[in-house]
Amino acid sequence: MKSLLTHTYRRLAVASLVAAGALFGAPLALACGTGGYSYAGVASSSHAFGIGATVTPLAGFNVLSGHVAGWVGVGGPGQGVNGSDEWLQVGFSGFPGLPGNDLYYELALPGKQPTYHQLATNLPMGKAARIAVLEMHKHPNMWRVWLNGNAVSQPIYLAGSHGRWSPIATAESWDGGTAGACNGFLYRFHRVSIARVPGGGWHQLAGGYPISSSSTRLARHNSTGGSFLAAEGDLALRTLASFNP
């Protein structure tokens with residue numbers, strides 16, 4: 001899912017850092033994924049009314065250009081009414097030249113540009129958060145974003161979403177349009193759960209479909225989607241061996 005404000009970064013200072021990295025920082029290599037995007041995660045095999053997970057950014061980050069993110073969400077490109085783009089996601093994001101992680105949610109509505117909403121900034125590696133998007137009880141097509149058990153968004157109307165979408169939990173990287181070396185990330189997803197009914201009815205995401213790219217690795221615990229590690233980049237892949245999902 002093309003995310004994070006469609007390449008618009010945290011304030012103009014961050015945009016300048018990205019541009020500098022594109023010109024001077026990253027050695028040329030094979031482009032990552034499709035269009036510079038790469039993924040490692042799990043998609044639900046059934047429709048649901050929300051998704052949540054405890055996500056932790058772990059050591060192994062090396063964001064050369066563009067961004068990395070670890071998020072849960074619903075919808076996607078072409079999944080809105082009449083094939084429009086419509087989605088809601090919440091998670092961690094990381095950018096070049098910034099040592100910490102941000103927490104954000106992103107909203108894409110039909111016919112509009114995606115919007116990036118910052119929830120927290122400069123969080124250290126190893127800091128976990130319980131994140132979720134959930135359709136509201138008795139309010140079809142109305143959703144909210146949740147962080148550590150608290151609603152952190154107003155009700156959000158997602159047209160035609162009720163009972164139609166299969167949630168996703170994934171890590172993501174974009175190379176900044178440089179066709180350069182892959183970014184590095186390592187995210188831990190724990191207790192990934194989907195909502196069976198609007199407002200709750202949480203159950204562990206078992207099975208599901210793996211999401212991967214040629215440059216990423218997904219390590220799942222006991223072959224289920226309930227916990228997994230998502231990695232990209234040499235440092236992250238070496239670090240991966242030191243952790244259990």
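How do the residues lining the largest pocket divide into nonpolar, polar and charged? In this structure, the split is six nonpolar, six polar and two charged. Keep in mind that this is a predicted model, where local features need pLDDT of at least 70, side-chain atom pairs count only at pLDDT 80 or more, and totals for chains, interfaces and linings use all residues. Residues are numbered from 1 along each chain as its sequence is written, and side-chain values use heavy atoms, with hydrogens and water left out.

**The core**
- The largest nonpolar core (buried Ala, Val, Leu, Ile, Met, Phe, Trp, Tyr and Cys residues joined through side-chain atoms within 4.5 Å) holds 37 residues.
- Strand S12 (residues 185–197) supplies the largest share of this core, five residues; strands here are DSSP runs of E, at least two residues, numbered from the N terminus.
- Leu88 is among the residues with the most contacts inside the core.
- Leaving aside neighbours within four places in sequence, Leu88 has contacts (heavy atoms within 4.5 Å) with residues including Val72, Tyr105, Trp143 and Ile156.

**Two asparagines with positive phi**
- Asn122 sits in strand S6 (residues 115–123), with phi near 60°.
- Asn141, in the loop between strand S7 (129–135) and strand S8 (142–147), has a phi of about 75°.
- Asn122 is exposed at 52% relative accessible area, whereas Asn141 is buried at 14%; buried means under 20%, exposed over 50%, partly exposed in between, with a 1.4 Å probe and protein chains only.

Definitions and conventions:
Helices (H or I, at least four residues) and strands (E, at least two) are DSSP runs, numbered from the N terminus. Ala, Val, Leu, Ile, Met, Phe, Trp, Tyr, Cys and Pro count as nonpolar, Asp, Glu, Lys and Arg as charged, and the others, Gly among them, as polar.
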